[in-house]
Amino acid sequence: MNDSVPGPEPVLDSTHPDGGGANASDGGSTAVEPEAEPQVPEITFDEQFYPARPRSLRPTARRRHFMPGRPPFDPDARNSVYVEWLRNQSMLGDAKVLARQLSGQASMWQNPYAYPDPRAAVEKASVWFTAYPLSLITRPGQTFLAALGDSDLWEAFQQIGIKAIHIGPVKLAGGVTGWDHTPSVDGHFDRISMAIDPLFGTEDEFRAMCEVATEHGGTIVDDIVPGHTGKGADFRLAEMNFRDYPGIYHMIDIPESDWDLLPEVPEGEDSVNIDVATERALQRAGYIIGELQRVIFYEPGVKETNWSATPPVLDTHGKPHRWVYLHYFKAGQPSINWLDPTFSGMRLVMGDALHSLVDLGTGALRLDANGFLGVEKSAEETPGWSEGHPLSAAANQIIGSMVRKVGAFTFQELNLSIDDIKATSETGPDLSYDFVTRPAYHHALVTADTEFLRLTLRLAMEIGIDQASLVHALQNHDELTYELVHFTTKHKDDLYELDGEELTGAELAHKVQQTLRDGLTGEAAPYNLVFTANGIACTTASVITAVLGITELDSITEEQAAEVRRVHLLLAMYNALQPGVFALSGWDLCGILPLDRSKVARLMSRGDTRWINRGAHDLMGFDPSAQTSTSGMPMARALYGTLPEQLDDESSFARQLTRILEVRDQYGIAKSALIDVPDVSQRGMLVMVHQLVDGGQEVTVLNFSGQEMAGTVRSEALQLGSEVTDAFSGEAIGTVDDLHSFYLQLGPYEGTALLVTPPPAAEENDDGGASEVFDASDEPGPETYD
């Protein structure tokens with residue numbers, strides 16, 4: 001990765017309202033602040049400046065622009081120049097500038113916003129490409145954003161059926177130390193600014209990308225992080241106890257008389273994680289709420305609690321402060337306080353969201369880490385309430401409503417219990433990431449048994465999760481998660497049955513996790529690595545190679561690569577041939593294998609093994625000679641080739657995926673409803689029955705085993721006499737018998753989509769009898785995809 005200090009943001013029109021002046025930042029200046037310029041009902045821009053831009057994509061509000069310099073003064077709160085330098089880069093300041101331009105505008109009242117509408121979101125974009133800025137190979141000299149706005153890429157996506165790009169985090173991230181910016185500690189999810197990181201491109205390239213997406217019938221999905229920021233200008237001003245800034249975070253000013261409770265901060269560090277004993281001492285002293293329900297990214301000696309302490313920091317009057325602050329994730333990601341009297345955190349997040357939507361032109365936002373927006377003290381000696389808190393639901397309602405107000409939609413990446421996901425999605429985001437079945441379908445593949453997968457699908461139905469409200473994904477930039485939060489937290493003592501055993505939720509989770517570790521790491525697959533307690537660092541392809549018994553990735557043959565592709569298509573069918581959004585990445589489209597750990601040893605030095613699954617890849621063949629991405633990520637091995645190569649080969653992964661997505665689109669499977677997950681006649685079989693919008697039914701049948709499968713598909717939801725037709729070939733394969741079943745054969749790792757058409761209403765014959773129902777039981781079998 002490139003750890004160089006980002007270059008300055010270019011200065012735009014100096015006549016822009018509140019154009020970066022000190023008084024534009026936070027409204028807390030000691031001088032009387034000038035009123036904003038009067039605004040017309042719509043912020044208009046001359047047509048000549050945006051000749052090709054649809055009106056919906058033209059900016060309706062613009063953030064201020066500021067060129068950070070490095071004055072020759074001490075970076076100290078007593079130095080007013082340094083304080084103003086920080087204020088001019090703060091997200092809270094930008095949020096105020098955007099709010100001034102949008103308040104009182106008629107455009108803010110033209111869309112319904114009260115309730116989530118998952119099917120409207122799916123209608124706008126039901127197949128997503130998940131990009132990762134650090135790993136995409138571009139044309140020589142081309143930025144990441146310019147590459148994602150490349151017409152050739154979008155033409156390839158149109159052929160395949162991809163309707164949106166989730167671009168990942170591209171804004172400045174990391175921190176500020178003195179006058180210097182420091183690099184991101186979590187893949188740019190520790191955001192410190194609304195400015196685009198020059199490493200990835202410019203705001204103009206971002207807007208051009210949105211335009212090209214629209215021209216090809218697509219949209220752009222951006223990220224906001226309502227749960228935390230990085231340690232940027234906002235956090236440094238908070239440490240200085242400057243005006244409203246401490247209200248952004250969960251941070252407590254510890255009186256100097258009790259500094260003896262705090263650990264020393266090592267030289268060269270700006271904070272230190274407190275241990276469990278210190279956490280308890282501070283809780284007993286009444287300063288913090290103490291232990292929370294879990295410690296994400298737990299690592300002895302690195303992160304043992306969710307709290308860290310700062311060294312002494314001077315405020316503008318020269319008074320020292322030491323703070324203890326909350327961070328659910330890494331120490332460089334201080335958590336936002338959604339219920340501070342200043343509402344500074346809320347203002348910051350809303351400004352960030354609106355900047356992406358009304359200034360840059362995106363059509364949707366992912367809400368990262370949005371399940372941790374409320375925290376509350378519990379009874380003595382019990383962990384604080386931090387998951388499933390009503391404040392999280394309320395905050396998500398506000399964010400989701402604001403986004404819908406401007407005509408866009410949101411999705412949440414929220415790994416909580418199934419019932420908490422249901423509660424959060426009722427009034428908040430339109431879509432939720434499928435943490436419900438993601439580890440379960442990997443478990444089905446590892447064990448050649450779909451019992452646990454069927455259990456999770458049924459639980460979701462019982463609790464009331466609408467599968468159409470979920471984003472069903474293959475690989476993204478994170479690990480293969482197996483936290484199984486539903487079973488390890490609220491339902492840890494509930495009883496479940498798996499493999500003929502009655503297990504508590506906690507026991508079931510442990511068994512599934514151990515099965516995945518045994519099957520996908522260690523001797524079975526030394527190229528995959530465990531990532532803390534969260535899951536396994538791997539690619540989709542390396543999950544499959546482990547299942548196929550391939551222990552040496554360097555020696556994969558063409559025949560083995562073809563077998564990997566067959567299984568990969570099965571997993572794509574599972575995610576695509578059900579209601580909701582289907583998402584996949586460049587690592588999936590190219591069949592990327594993990595990096596050798598030696599190539600990312602420096603990045604993994606603090607225990608983050610996920611860097612092995614983030615290898616660089618050349619999706620379009622833009623730079624065949626590249627050995628790294630622009631960001632410095634090493635090139636990984638691709639089993640399938642580039643998209644142009646694949647689209648010229650009918651047997652390729654991309655071409656066969658295209659056919660799957662055509663069937664998905666043709667029959668409206670994305671907007672259907674899951675109505676049954678029946679028992680199966682073979683352990684490796686999965687059957688999902690969907691009610692289509694047009695009144696018919698679709699049945700997805702998948703074989704998660706390496707053996708041929710022949711058996712009966714039976715569901716009480718299937719109506720007697722219904723005709724069963726292969727959705728891929730159009731051939732009739734039979735009718736539903738009086739046991740509500742039909743017979744089917746599938747090859748190893750094959751799947752299919754079947755249309756079930758109810759018989760026409762019985763028509764009376766001349767003699768008063770009912771007409772005979774057509775029996776196609778001896779018609780040819782279904783076409784399957786491998």
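Which residue in E25 does Leu686 stand opposite? In this predicted model, the partner of Leu686 is Leu702 in E25, and the pair offers a way into the part of the chain built around strand E24. That strand covers residues 685-691, and seven bridges join E24 to strand E25, residues 697-703, with the two running antiparallel. E24 and E25 form a hairpin with five residues between them, and in the turn Gly695 has a positive phi of about 100°.

E24 also has a partner in strand E23, residues 673-676, to which three bridges join it, again in an antiparallel arrangement; here Leu674 stands opposite His690 in E24. Six of the seven residues of E24 are buried, which is to say under 20% relative accessible area, so the strand is largely enclosed by the rest of the structure.

The nonpolar cores come next. The largest nonpolar core has 145 residues, and the members that touch the most others are Phe157, Ile165, Leu589, Leu657 and Phe704. Helix H17, residues 558-576, gives the most to this core, with 10 residues. Phe704 leads back to the hairpin, since Leu686 is one of the residues that Phe704 touches. Leaving aside residues up to four places away in sequence, the contacts of Phe704 also include Tyr441, Ala444, Leu445, Leu570, Leu571, Tyr574, Gly684 and Tyr749. Apart from the largest core lies another, of 50 residues, with Tyr82, Ala233, Val313 and Leu365 among them.

Leu365 in turn points to the barrel. Eight strands close into this barrel in the order E1-E2-E7-E13-E14-E15-E16-E22, and the pairing is parallel. From one strand to the next, the twist averages 30°. Within the barrel, strand E7 (residues 219-224) and strand E13 (residues 364-368) run parallel and are joined by four bridges, and Asp222 stands opposite Leu365 in E13.

A last step takes the reader to a pair of helices. The axes of helix H2, residues 91-102, and helix H9, residues 344-360, come within 8 Å and cross at roughly 65°, and the crossing is left-handed. On the H2 side the residues that meet H9 are Met91, Leu92, Ala95, Leu98 and Leu102, while H9 brings Ser344, Arg347, Leu348, Gly351, Asp352, Leu354, His355 and Val358. Sorted by class, this contact of H2 with H9 has eight nonpolar, three polar and two charged residues.

How values were computed:
Residues numbered from 1 in each chain as written. Predicted model: local features only at pLDDT ≥ 70, side-chain atom pairs only at ≥ 80, totals over all residues. Heavy atoms only, no water. Pairing = 2+ DSSP bridges. Axes fitted to C-alpha atoms, helices over the stretch in contact; angles between N-to-C directions. Left-handed = near helix turned anticlockwise from the far one by under 90°. Contact = heavy atoms within 4.5 Å. Nonpolar A, V, L, I, M, F, W, Y, C, P; charged D, E, K, R; others polar. Buried < 20%, exposed > 50% of the residue type's maximum accessible area, 1.4 Å probe, protein only. Core = buried A, V, L, I, M, F, W, Y, C linked by side-chain atoms within 4.5 Å.
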